[in-house]
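Biologist: Hey, have you got a few minutes to walk through this one with me? I'd like to click around while we talk.
Modeller: Sure, pull it up and ask away.

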Amino acid sequence: MKCAYKLLIIIFLISPLAIGQSLQKLDDKNGFRDFKFGSPYSSWASQLTFQKITDAQISLYNYNGGCCESFLGVKIESINLGFSKNKSDQIIIKLDKNNSKDISFKLKEYRTIIDKLILEFGKPSNHKSDADTGEIKTYWHGNKVSMALYNLYGGYEIGAYNYLILVVNPKQKNNIDGL
């Protein structure tokens, strides 16, 4: 199992990266689809259910509206919006978990997601992986917006990967790992 993760890490680091648009595109989007940073809570209140207040004092809500069925060809399981001082400043997109225990399929699926993000936003700013846990975290940091793709492994018995995309505004950049 550890060998497969090490192989993924090596492939990821030595594979040629596509020349993407740039991090400017991430900044220009200023959010995800209809969700824009700085939008007032009142714009979304009727489509939100309170979830919790994070350690960073962000009020986190489950989005219950009809936007966004899929992202990069993968079904979206849930969207959470974070608000600070009644302004949106965090978007968390949880992609549908893959319950297959076929490790080669999971690695291929992750590679497909990361390749599409590279084509869209360019080379990642940073990459962290842990061969013991199977977690892979990839980051893009623009001047205005930061984005992270997390590949969180549920263990061999569970066999599920959760792909999480976190998009935050600059003041939350230091909290990007604080889920």
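Biologist: Where does Asn86 sit?
Modeller: Asn86 is in the loop between β6 and β7; strands are DSSP runs of E at least two residues long, helices are runs of H or I of at least four, and both are numbered from the N terminus. Keep in mind that this is a predicted model, where local features need pLDDT of at least 70, side-chain atom pairs count only at pLDDT 80 or more, and totals for chains, interfaces and linings use all residues. Residues are numbered from 1 along each chain as its sequence is written, and side-chain values use heavy atoms, with hydrogens and water left out.

Biologist: Is Asn86 buried or exposed?
Modeller: Exposed, because its relative accessible area is 54%. The cut-offs are under 20% for buried, over 50% for exposed and partly exposed in between, using a 1.4 Å probe and protein chains only.

Biologist: And what's the phi of Asn86?
Modeller: Positive, about 65 degrees, although Asn86 is not a glycine. Most residues other than glycine have a negative phi. Lys85 lies in that loop between β6 (74-84) and β7 (87-98) too, and Lys85 has a positive phi near 55 degrees. Lys85 counts as exposed because its relative accessibility is 78%.

Biologist: New topic: how do β3 and β4 run?
Modeller: Antiparallel, with five bridges joining β3 (residues 48-53) to β4 (residues 59-63). Strands count as paired if DSSP finds at least two bridges between them. Lys52 stands opposite Leu60 in β4. The hairpin has five residues between the strands, and Gln57 there takes a positive phi near 65 degrees.

Biologist: What about Val145, buried or exposed?
Modeller: Val145 counts as buried because its relative accessible area is 1%. Val145 lies in the loop between β9 (136-141) and β10 (146-153). Its C-alpha atom is 9.2 Å from that of Gln24, and those two residues are 121 apart along the chain.

Biologist: How many helices and strands does the whole chain have?
Modeller: Three helices and 11 strands. Along the sequence the pattern reads α-α-β-β-β-β-β-β-β-α-β-β-β-β. Of the 179 residues in the chain, 46% are buried.

Biologist: How many cavities of 30 Å³ or more are there?
Modeller: One. On a 1 Å grid over the protein atoms alone, a cavity is a set of points where a 1.4 Å probe fits but cannot get out, while a pocket is an open set with protein on both sides within 12 Å along at least five of seven lines; lining residues have an atom within 4 Å of a point. Grid points are joined across faces, edges and corners, and a volume is the space filled by probe spheres set on the points. The largest cavity has a volume of about 40 Å³, and its lining includes Phe35, Trp44 and Ile91.

Biologist: What's the volume of the second largest pocket?
Modeller: About 210 Å³. Of its 15 lining residues, the closest to its centre are Lys29, Gly31, Phe32, Phe71 and Phe121.

Biologist: Which element gives the most to the lining of that pocket?
Modeller: That's α3, with three residues.
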